[in-house]
Amino acid sequence: MPSISLSGIEDRLSRELVAAWAIAKKDVLIYYLRPGVIVGGVLFPLFMFLAFTAGKLATPVALVPGLIGITTLFSASSIEPVSVPIERRMATFDRLLAAPVSLNALVLGESLSGLLYSLLIAVVVFVAALIILMTPITNIFLIVLGILFSSLCFATLGTLFAAYPTENPGDIISMVNVVRFPLIFISGVFIPIATLPAVAQMIAYVSPLTYANDLIQGGYNGKMTFHPIVDVAMLIVFIVIFQLIANYLYKRFSD
Amino acid sequence: MEAIEVSHLVKQFGTLTAINDISFSVAAGETFGFLGPNGAGKTTTIRMLTGISPPTSGTATIFGHDIVRETVAARQSMGIVSETSNVYTDLTGWQNMMLAAQLYRIGRSERDRNATELLKRFELYERRDTKAHGYSKGMRRRLTIAMGLVNSPRLLFLDEPTSGLDVESNLIIREMISDLIKEGVTVFLTTHNIEEANILCERVAIIDKGHIAAIDAPERLKKTIQSVQSVEVAFLDGTSPERLDELRLLPMVNGARKEGDKFKLFTENPTEVIEGVMAYAQTHHTRVISITTLGPSLEDVFVKLTGLQRGGGISAID
Ligand SMILES: Nc1ncnc2c1ncn2[C@@H]1O[C@H](COP(=O)(O)OP(=O)(O)O)[C@@H](O)[C@H]1O
Ligand SMILES: [Mg+2]
């Protein structure tokens with residue numbers, strides 16, 4: 001057994017991080033430009049925005065914070081549902097499962113690529129809104145926090161769903177969508193939580209998008225439902241829960 | 001310390017018992033073959049020994065590390081080459097090597113050195129910057145093996161390394177395995193190719209339907225069935241099916257089959273069979289162009305132990 005020394009832990013941790021980073025990098029190289037990823041992760045939120053704008057439900061400027069929230073949700077959770085089934089089919093997933101690191105490192109590495117993808121897209125949307133719509137900003141720090149934590153949270157959610165043992169990305173994408181679409185409507189993104197029916201309000205509290213959206217809205221227009229610390233803490237709780245469940249599922253389905 | 005120590009390993013998939021209570025050990029530096037037909041449980045065994053698939057019961061240790069409880073430590077010293085050439089086809093040969101090395105946290109300079117050396121050794125260096133998508137089947141196989149060696153493992157798992165490959169790739173791979181053996185690397189090799197097991201392995205386990213039927217050195221396995229000898233004969237006018245039937249009826253012939261341009265006749269008494277064959281040739285107005293007596297082959301051992309008929313998924317020549 002390895003002795004429990006500080007250098008031993010450090011050594012182990014660095015192994016895990018190097019492997020996680022290698023796994024993420026491979027996703028960047030292979031999957032970022034896949035049609036399935038672009039359609040589900042980039043085009044969908046864009047169409048959503050155009051639909052709401054065209055329907056004159058709100059001014060484009062008022063829609064920007066919500067758009068960023070939805071974009072992180074869809075882009076962060078668009079990589080793993082595509083990459084993992086393909087890797088199961090090509091048997092490259094066995095390589096990752098057989099690496100001398102824990103499943104936590106594997107799950108983290110997979111999520112990391114979703115996180116980076118989401119950050120990339122969010123920055124593009126943020127900058128575009130700034131230039132084209134000249135969106136006013138109250139507190140940019142809150143926007144950054146919101147994007148960062150929600151991206152990791154939704155990326156881990158994508159990794160969690162991708163644990164389902166199938167070789168067909170469509171199977172997982174449809175499962176993820178069952179969760180992603182309702183979240184848009186119950187998380188206060190376009191419809192304020194206060195105006196929702198009581199049951200929907202209850203559900204809103206267990207939606208990570210609620211807290212992500214709260215941070216981003218706060219950053220743009222200063223209107224917040226919760227304290228920023230509550231938002232961040234809730235997002236961290238979701239990240240940990242998703243990570244643990246994902247870890248369990250990958251172990252369970254590794255036959 | 002033993003490189004691999006397996007004790008009462010069982011693997012069930014639902015109601016199917018894929019591996020049924022196997023035990024064996026492999027010494028450090030040994031080349032150990034797992035020989036069996038398709039579906040015997042070879043891949044399942046490797047997946048358990050590499051910690052991908054948890055055993056239903058029983059234990060396995062790798063250089064003293066329990067594969068279930070100390071998975072990470074056990075994997076550190078192993079290289080794995082799986083049955084399918086699982087390379088990333090959207091990455092180049094070089095990128096594939098880098099990814100494999102980083103999963104083992106091999107530092108940059110060592111990574112570059114190992115990758116360069118291995119790609120050269122497997123004759124892939126010139127194509128290192130091409131995506132593996134454009135590689136032939138043999139090249140992908142070689143890349144898979146190179147990736148399995150990138151961490152300089154003390155123990156290498158090879159799941160059917162040469163199955164269905166072109167001659168050139170086959171030769172490169174067999175040569176590489178011989179080199180590794182000389183370097184003292186422990187090799188655990190599965191194959192359904194009897195000749196491969198015979199040439200490369202110091203000890204062979206014959207596995208069938210999740211059971212180990214026998215474990216021993218190839219030569220000793222052959223000795224256990226000295227009673228099965230054979231006579232190989234080629235006639236001037238070829239090998240017709242009718243002739244096979246007629247040869248089967250000769251005295252002292254226990255069985256016969258066609259092998260290429262020859263017939264193989266099994267017997268306990270080769271001398272008498274040779275006489276019988278010569279007489280047969282005379283009465284049938286043909287000539288014998290070659291005739292040889294053979295000791296039992298590993299294949300004969302295999303057939304005897306598993307009751308397997310030819311064509312049942314095992315091959316002597318691939
Ligand atoms: N994941 C699995 N689920 C169910 N059955 C399996 C699984 N993997 C292998 N098997 C079964 O276990 C048996 C042994 O398979 P395998 O180890 O792949 O054989 P080999 O590698 O010797 O050809 C086969 O009957 C196969 O169908
Ligand atoms: Mg197999």
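Hi everyone, let's start at the metal. In this predicted model, the magnesium ion, ligand 2, is coordinated by OG1 of Thr43(B) and by OE atoms of Glu83(B), listed twice, at 2.0 to 2.8 Å. If you look for those two residues in chain B, Thr43(B) sits in helix α1, residues 42–49, while Glu83(B) belongs to the loop between β6 (78–81) and α3 (93–102), so the pair ties together parts that are 40 residues apart in sequence.

Are these two residues buried, partly exposed or exposed? Thr43(B) has a relative accessibility of 24%, so it counts as partly exposed. Glu83(B) is partly exposed too, at 39%.

Now let's move over to where the chains meet. Here 26 residues of chain B are in contact with 29 residues of chain A. Together the two chains bury about 2,700 Å², and 56% of that is on carbon and sulfur atoms. Which residues of chain B lose the most area to chain A? They are Tyr88(B), Leu103(B) and Arg105(B), which together make up 28% of what that side buries.

Please keep an eye on Arg105(B), as its side chain also meets that of Asp11(A) in a salt bridge, with 2.8 Å from N to O. Between chain B and chain A the count is three salt bridges, and there are 12 residue pairs in polar contact.

And where on chain B does this surface come from? β1 (2–13), α2 (71–76), α3 and α5 (137–148) each supply at least two residues of the side touching chain A. Sorted by class, that side has 12 nonpolar, eight polar and six charged residues.

Thanks for listening!

Note on methods:
Residues are numbered from 1 along each chain as its sequence is written. Chains are lettered from A and ligands numbered from 1 in the order in which they are written. This is a predicted model: local features need pLDDT of at least 70, side-chain atom pairs count only at pLDDT 80 or more; totals for chains, interfaces and linings use all residues. Side-chain values use heavy atoms; hydrogens and water are left out. Donors are N, O and S atoms within 2.8 Å of the metal (3.2 Å for Na, K and Ca); water is not among the atoms, so sites may look incomplete. Helices (H or I, at least four residues) and strands (E, at least two) are DSSP runs, numbered from the N terminus. Buried means under 20% relative accessible area, exposed over 50%, partly exposed in between (1.4 Å probe, protein chains only). Contact means heavy atoms within 4.5 Å. Buried area is the accessible area (1.4 Å probe) that two parts lose on being put together, summed over both. A salt bridge is a side-chain nitrogen of Lys or Arg within 4 Å of a carboxyl oxygen of Asp or Glu. A polar contact is a pair of N or O atoms within 3.5 Å; within protein, one must be able to donate a hydrogen and the other to accept it, and residues adjacent in sequence count only if both atoms are side-chain atoms. Ala, Val, Leu, Ile, Met, Phe, Trp, Tyr, Cys and Pro count as nonpolar, Asp, Glu, Lys and Arg as charged, and the others, Gly among them, as polar.
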